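Here is a short report on one protein model. Please keep the sequence and the structure in view while reading.

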Amino acid sequence: MLEVTQLRAGYGRLPVLHGLDLAVAEGEIVAVIGANGAGKTTLLRTLSGLLRATGGRVLLDGRPIHALPAEKVAAAGLAHVPENRLVFPSLSVQDNLRLGGWTRRRASSAGAATRGRVLELFPRLSDRLEQAAGTLSGGEQQMLAVGRGIMARPSVLMLDEPSVGLAPRVVAEIMQALARLRDEEGLTILLVEQNARAAFKIADRVYLMDRGRVVLQGTPHELLGDDRVKHAYLGGGYEADETPDEGQDAPQRETP
């Protein structure tokens, strides 16, 4: 589905990705974890065409997309939900969702069905369709950002740190929605997350990045056997069969 081979990218003379290899099979959730500065956001920006690759290749369904501009990458079926939500604050929830489906605008009936699916996954948005997106809570804005990505009906949905700044119960709701999209619709998902505990609960496979390279990969169960992962990203008491709820993480204040 998505194949990344020897990908290189950076900013000006500053290289960030150093020959990175990654693959996401159809219908699976792959998580990418790592410390700040590991290159996770740069990876997604390069895959989506917002940043030009300086080497390597990216194939989507066997088609090279690494030289395409962002709008053509999106049209090819790769949807990017960036970090910090980035909804259009002055537009209504409904209009934000409509913009998400812009590349598929000719199929209006399918668009209505997709919007219905978004509202089923995130029922809080149903009562706020005419509300300006900027007046939503942080958690609701993140749900809207994810919903806008779903509206593009992508082959691959990429999400950058969807849990940042959110209360554990909201994080659990978003992660459960992603798992449902995989389980019920076979959607392929590439998830960049610093909250490894949340990502491990839904991911089929995990890549650990460090300084622009993949240094470890495997299933969540396999990575639990590595002390670097268990203690640096999960905490020593993590168990693979934990289910996300409000009591497992220290309380966080949801951003407004």
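The report covers a pocket, a helix pair and a buried helix.

This is a predicted model.

**The largest pocket**

The largest pocket has a volume of about 600 Å³. Its lining is made of 22 residues. Nearest the centre of the pocket lie Ala74, Ala79, His80, Leu99 and Arg148. By class, the lining has 14 nonpolar, six polar and two charged residues. Four elements each supply at least two residues of that lining. The table gives their ranges.

| Element | Residues | Share of the lining |
|---|---|---|
| Helix H2 | 70-76 | at least two residues |
| Strand S6 | 78-81 | at least two residues |
| Helix H3 | 93-100 | at least two residues |
| Helix H5 | 138-151 | at least two residues |

**The H3 and H5 pair**

H3 and H5 both help to line the largest pocket, and these helices also contact each other. Their axes come within 7 Å. They cross at roughly 35 degrees, and the crossing is right-handed. On the H3 side, the contact involves Val93, Asn96, Leu97 and Gly100. H5 contributes Leu144, Gly147, Arg148 and Met151. The contact residues divide into four nonpolar, three polar and one charged. Arg148 is in this contact and is also among the residues nearest the pocket centre.

**Helix H1**

How many of the eight residues of H1 are buried? Six are, so the helix, residues 40-47, is largely enclosed by the rest of the structure. The buried residues are Lys40, Thr42, Leu43, Leu44, Thr46 and Leu47. Gly49 follows H1, and the phi of Gly49 is positive, near 90 degrees.

Notes. Residues numbered from 1 in each chain as written. Predicted model: local features only at pLDDT ≥ 70, side-chain atom pairs only at ≥ 80, totals over all residues. Heavy atoms only, no water. 1 Å grid on protein atoms, 1.4 Å probe; cavity = no way out; pocket = protein on both sides within 12 Å on 5 of 7 lines; lining within 4 Å. Points joined across faces, edges and corners; volume = space filled by probe spheres on them. Nonpolar A, V, L, I, M, F, W, Y, C, P; charged D, E, K, R; others polar. Axes fitted to C-alpha atoms, helices over the stretch in contact; angles between N-to-C directions. Left-handed = near helix turned anticlockwise from the far one by under 90°. Contact = heavy atoms within 4.5 Å. Buried < 20%, exposed > 50% of the residue type's maximum accessible area, 1.4 Å probe, protein only.
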